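Reader: I have a new model open in my viewer and would like some practice in reading it. Could you walk me through a few features?

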Amino acid sequence: MSDRVRDAMLPAPRVLDAEATAQEAGEALGRPEVRSVFVCDGQRLVGVVTRKTLVREVVAAGRDPSTTALREIAEAPNHTLGSDLPLEEAYHFLEEHDLERVPVVEEGRLVGVLSRAVLQRRLAEDEPADGEPDPPA
């Protein structure tokens, strides 16, 4: 059986609760390595908050970040992947839609995140080196 998304995803990504505030999301997004925050109600993925979301939905709208709940501003993710999807299909999907990271869900529950960079490395490791025979099946 070929590798699946679950084999290459980052399990248990950091999330904020749907009742957390925009200020908490802003603090998380203040770190340069954090580009987006997944928002969950329990384990169910509600949406994603980015710096752009905070500017548009909180700052420009004149809302108070200390009292604005993330459930009010989180954007539904444009794309998600199932954990059972073969890695090759996931790679083509990420390439086709020019995506860097995609949440991985099982029945609406966030179970991980798949990164294109990690997926590329994983697929490259699985390819035989030039001149070497394919390993036996």
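Author: Gladly! Let us begin in the loop between strand 6 and strand 7, where E107 lies. Please keep in mind that this is a predicted model.

Reader: What is the sign of phi at E107?

Author: The general idea comes before the case. Most residues other than glycine have a negative phi. At E107, phi is near 50°, a positive value in a residue other than glycine.

Reader: Is E107 buried or exposed?

Author: Exposed means over 50% relative accessible area. E107 has 80% relative accessibility, so it counts as exposed.

Reader: Which other loop residue has a positive phi although it is not a glycine?

Author: Take D98, with a positive phi of about 50°. D98 sits in the loop between helix 5 and strand 6. With a relative accessibility of 57%, D98 counts as exposed too.

Reader: Let me step back to the whole chain. How many helices and strands does the protein have?

Author: There are six helices and seven strands. Their order along the sequence is α-β-β-α-β-β-α-α-β-α-β-β-α. The C-alpha trace spans about 60 × 30 × 20 Å along its principal axes.

Reader: How should I read burial and contacts for the protein as a whole?

Author: Burial is read as a share of residues: of the 137 in the protein, 36% count as buried. Contacts can be read by separation in sequence. Taking contacts between residues at least 6 apart in sequence, 57% join residues at least 24 apart.

Reader: Could we look at one buried residue? Which helix holds R116?

Author: R116 lies in helix 6, which covers residues 116–126. Buried means under 20% relative accessible area. R116 has a relative accessible area of 9%, so it is buried.

Reader: What is R116 in contact with, leaving aside its neighbours within four places in sequence?

Author: Its contacts beyond those neighbours are L94, E95, D98, L99 and E100. You have met one of them already: D98, the residue with a positive phi of about 50°.

Reader: And what about H97, just before D98 in the sequence?

Author: H97 belongs to helix 5, residues 87–97. Its relative accessibility is 32%, so H97 counts as partly exposed. For a distance through space, compare H97 with H79: they are 18 residues apart along the chain, and their C-alpha atoms are separated by 9.1 Å.

Reader: Which residue is 118 places in sequence from Q120?

Author: That is S2, and the C-alpha atoms of S2 and Q120 are 15 Å apart in space. S2 lies in the segment before helix 1. S2 is partly exposed, with a relative accessible area of 45%.

Reader: Now for helix packing. At what angle do helix 2 and helix 3 pack?

Author: For a helix pair, look at the angle, the axis separation and the handedness. Helix 2 and helix 3 pack at about 145°, and their axes are 10 Å apart. The crossing of helix 2 past helix 3 is left-handed.

Reader: Which residues make the contact?

Author: Helix 2 brings A22, A25, G26 and L29, while helix 3 brings R51, L54 and V58. By class, this contact has five nonpolar, one polar and one charged residues.

Reader: Let us finish with pockets. How much space lies in the largest pocket?

Author: About 560 Å³. A pocket can then be read through its lining, which here has 21 residues, with L10, R14, E33, V34 and S36 nearest the centre. Strand 2, helix 2, strand 3 and strand 7 each supply at least two residues of that lining. Its classes are 13 nonpolar, two polar and six charged.

Reader: And what is the volume of the second largest pocket?

Author: That volume is about 460 Å³. The second largest pocket is lined by 17 residues, and closest to its centre are S36, V48, T50, N78 and R101. Strand 3, strand 4 and strand 6 each supply at least two lining residues.

Reader: Which strand gives the most to this lining?

Author: Strand 6 does, with three residues. By class, the lining of the second largest pocket has eight nonpolar, five polar and four charged residues.

Methods:
Residues are numbered from 1 along each chain as its sequence is written. This is a predicted model: local features need pLDDT of at least 70, side-chain atom pairs count only at pLDDT 80 or more; totals for chains, interfaces and linings use all residues. Side-chain values use heavy atoms; hydrogens and water are left out. On a 1 Å grid over the protein atoms alone, a cavity is a set of points where a 1.4 Å probe fits but cannot get out, and a pocket is an open set with protein on both sides within 12 Å along at least five of seven lines; lining residues have an atom within 4 Å of a point. Grid points are joined across faces, edges and corners, and a volume is the space filled by probe spheres set on the points. Helices (H or I, at least four residues) and strands (E, at least two) are DSSP runs, numbered from the N terminus. Ala, Val, Leu, Ile, Met, Phe, Trp, Tyr, Cys and Pro count as nonpolar, Asp, Glu, Lys and Arg as charged, and the others, Gly among them, as polar. Buried means under 20% relative accessible area, exposed over 50%, partly exposed in between (1.4 Å probe, protein chains only). Contact means heavy atoms within 4.5 Å. Axes are lines fitted to C-alpha atoms, for helices over the stretch in contact, and angles run from 0 to 180 degrees between N-to-C directions. A crossing is left-handed if the near helix is turned anticlockwise from the far one by less than a right angle, and right-handed if clockwise.
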